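Biologist: I'd like to understand the words you use for this model. Could we go through them together?

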Amino acid sequence: MARYAYVNGRYVDHREASVHIEDRGYQLADGVYEVVGVRDGRLIDEGPHIDRLDRSLRELRIGWPVTRAALAFIMRELMRRNRLRDGLIYMQVTRGVARRDHAFPTVPVKPALVLTTKNSKRADADPGPGIAVKSQPDIRWERCDIKTVALLPNVLAKQAARESGAYEAWLIDADGCVTEGASTNAWIVTQDGELVTRQTDNGILAGITRHTLKSLCNALQLKFVERPFSLAEAKKAKEAFITSATSFVMPVVKIDGEAVGDGKVGLTARRLREEYVRFAAAGEAVT
Ligand code: PMP
């Protein structure tokens with residue numbers, strides 16, 4: 001089956017899909033993106049993801065390439081054409097094509113829009129054995145709240161993690177605190193059973209999964225607090241886990257080679273993953 005990509009108004013064969021070499025996303029990483037998870041033909045948290053896209057665009061003064069209604073239609077059309085049941089939709093908006101100059105183009109330029117999809121196996125409510133993370137210095141800029149395609153520090157951190165046999169990197173700030181993962185938010189469960197994740201400010205991306213989980217914690221009457229936590233505190237925690245649109249809730253069983261708790265998937269992370277999967281299955285079906 002041919003796989004389609006959406007590129008600036010057209011659905012094209014994914015293998016042939018391309019953008020102009022003067023696209024400012026390609027030249028200068030002058031663009032933003034979003035990833036929406038799809039489960040059983042349902043978009044997970046579509047509204048909040050598109051709201052965050054809107055915020056990223058506004059922060060960088062990039063216009064909307066199409067209306068919000070048109071984007072919702074394109075997402076569904078691409079899902080339908082690619083028979084996407086489980087996986088993700090990737091969308092990217094750049095400032096557009098212009099003669100290369102760091103400053104914004106002085107002539108009107110249409111923002112460029114690309115969407116692709118990725119099929120994957122339906123995520124299990126059971127997390128399996130959990131994952132290992134490796135700490136890496138957080139060398140990113142001071143606007144990590146914007147979901148830009150400028151991801152080089154994240155790429156290098158993730159690669160360092162993978163080369164050490166870990167799945168994710170945990171980024172450590174100048175105070176020795178964990179900001180977030182290279183592409184996920186970071187959480188711990190303290191020995192008192194309190195869930196801790198860093199507060200949202202310019203230092204991290206306000207994850208949509210993080211936000212949904214916060215609501216689930218409230219509904220389950222779990223103790224939850226947003227504050228910085230150090231790498232040392234994380235290593236002594238009862239449990240740890242990551243959240244993202246693609247990982248859902250994934251238990252962390254090892255940090256820098258040291259076992260978290262008893263080194264097994266914890267009860268809280270297991271329960272929260274089950275709750276999240278239930279939440280994801282409750283949306284309106286598209287395909
Ligand atoms: N932090 C970073 C740096 C990310 O790239 C992501 C994934 N987009 C997240 C956190 C998790 O965000 P979400 O739950 O919206 O996928």
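Biologist: What makes the approach of the Trp141 side chain to the backbone oxygen of Arg143 a polar contact?

Modeller: The side chain of Trp141 reaches that oxygen of Arg143 at 3.3 Å. A polar contact is a pair of N or O atoms within 3.5 Å; within protein, one must be able to donate a hydrogen and the other to accept it, and residues adjacent in sequence count only if both atoms are side-chain atoms. At 3.3 Å, the pair from Trp141 and Arg143 therefore qualifies. Please keep in mind that this is a predicted model, where local features need pLDDT of at least 70 and side-chain atom pairs count only at pLDDT 80 or more, while totals for chains, interfaces and linings use all residues. Residues are numbered from 1 along each chain as its sequence is written, and side-chain values use heavy atoms, with hydrogens and water left out.

Biologist: Which polar contacts does the ligand have through Arg52, Ile208 and Ala245?

Modeller: A polar side-chain atom of Arg52 lies 2.9 Å from a ligand oxygen. Ile208 uses a backbone N or O atom, 2.8 Å from an oxygen of the ligand, and a polar backbone atom of Ala245 is also 2.8 Å from a ligand oxygen. The protein covers 94% of the 390 Å² of accessible area (Shrake-Rupley method, 1.4 Å probe) that the ligand has on its own.

Biologist: How do you know which domains supply the shell around the ligand?

Modeller: Domain bounds come from an automatic or database domain assignment, which gives domain 1 (4–119) and domain 2 (131–281) here. The shell draws at least three residues from each of them. By class, the shell has five nonpolar, nine polar and three charged residues.

Biologist: What makes you say that domain 1 and domain 2 are in contact?

Modeller: Contact means heavy atoms within 4.5 Å, and 21 residues of domain 1 are in contact with 21 residues of domain 2. The two domains bury about 1800 Å² between them, 64% of it on carbon and sulfur atoms. Buried area is the accessible area (1.4 Å probe) that two parts lose on being put together, summed over both. In domain 1, Tyr33, Arg39 and Arg52 lose the most area to domain 2, together 32% of what that side buries.

Technical notes
Nonpolar A, V, L, I, M, F, W, Y, C, P; charged D, E, K, R; others polar.
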